[in-house]
Amino acid sequence: MLIEVLQNREIAHAIVRCIRSRTFRKGTSVWRMENVMVTPHLSSKSSEYLHRTFSIFEKNMHEFLNR
């Protein structure tokens, strides 16, 4: 259903966290869709985590608001 909604542009963009390699099978159209970002499921702990996270968010928000 998510792929169909994205193909129909009912929502503009999706960010999907893959927990297993089989979340989207190889060859599934989601891998070629420009309005989908697939990220791995990762856990980490770092003293710089929040700083880097907010820095990336700020850059992305600025680009989003100025397109």
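Lys59 is partly exposed, with a relative accessible area of 49%. That puts Lys59 just inside the partly exposed class, because a residue counts as exposed only when its value is over 50%. Glu63 is partly exposed too, and its relative accessible area is 43%. In this predicted model, the side chains of these two residues, Glu63 and Lys59, meet in a salt bridge, with 2.6 Å from N to O. Where do the partners sit along the chain? Both belong to helix H2, which covers residues 49-65, and they are four residues apart, so about one helical turn separates Glu63 from Lys59. The count of salt bridges comes to one.

Helix H2 also holds Leu65. With a relative accessibility of 59%, Leu65 counts as exposed, because this value is over the 50% cut-off. Leu65 takes part in a nonpolar patch on the surface, together with Phe57, Met61 and Phe64. Taken together, the four residues of the patch offer about 420 Å² of accessible area.

Now for the chain as a whole. It contains two helices and two strands, and reading along the sequence gives the pattern α-β-β-α. How much of the chain is buried? Of its 67 residues, 15% are buried. The accessible surface of the chain comes to about 6,300 Å², and carbon and sulfur atoms account for 55% of that surface. As for contacts with a separation of 6 or more, 27% of them link residues that lie 24 or more positions apart.

How values were computed:
Residues numbered from 1 in each chain as written. Predicted model: local features only at pLDDT ≥ 70, side-chain atom pairs only at ≥ 80, totals over all residues. Heavy atoms only, no water. Buried < 20%, exposed > 50% of the residue type's maximum accessible area, 1.4 Å probe, protein only. Patch = residues over 30% accessible without salt bridge, like charges linked within 9 Å, V, L, I, M, F, W, Y side chains within 5 Å. Areas by Shrake-Rupley, 256 points an atom, 1.4 Å probe, with all protein chains shown as cover. Contact = heavy atoms within 4.5 Å.
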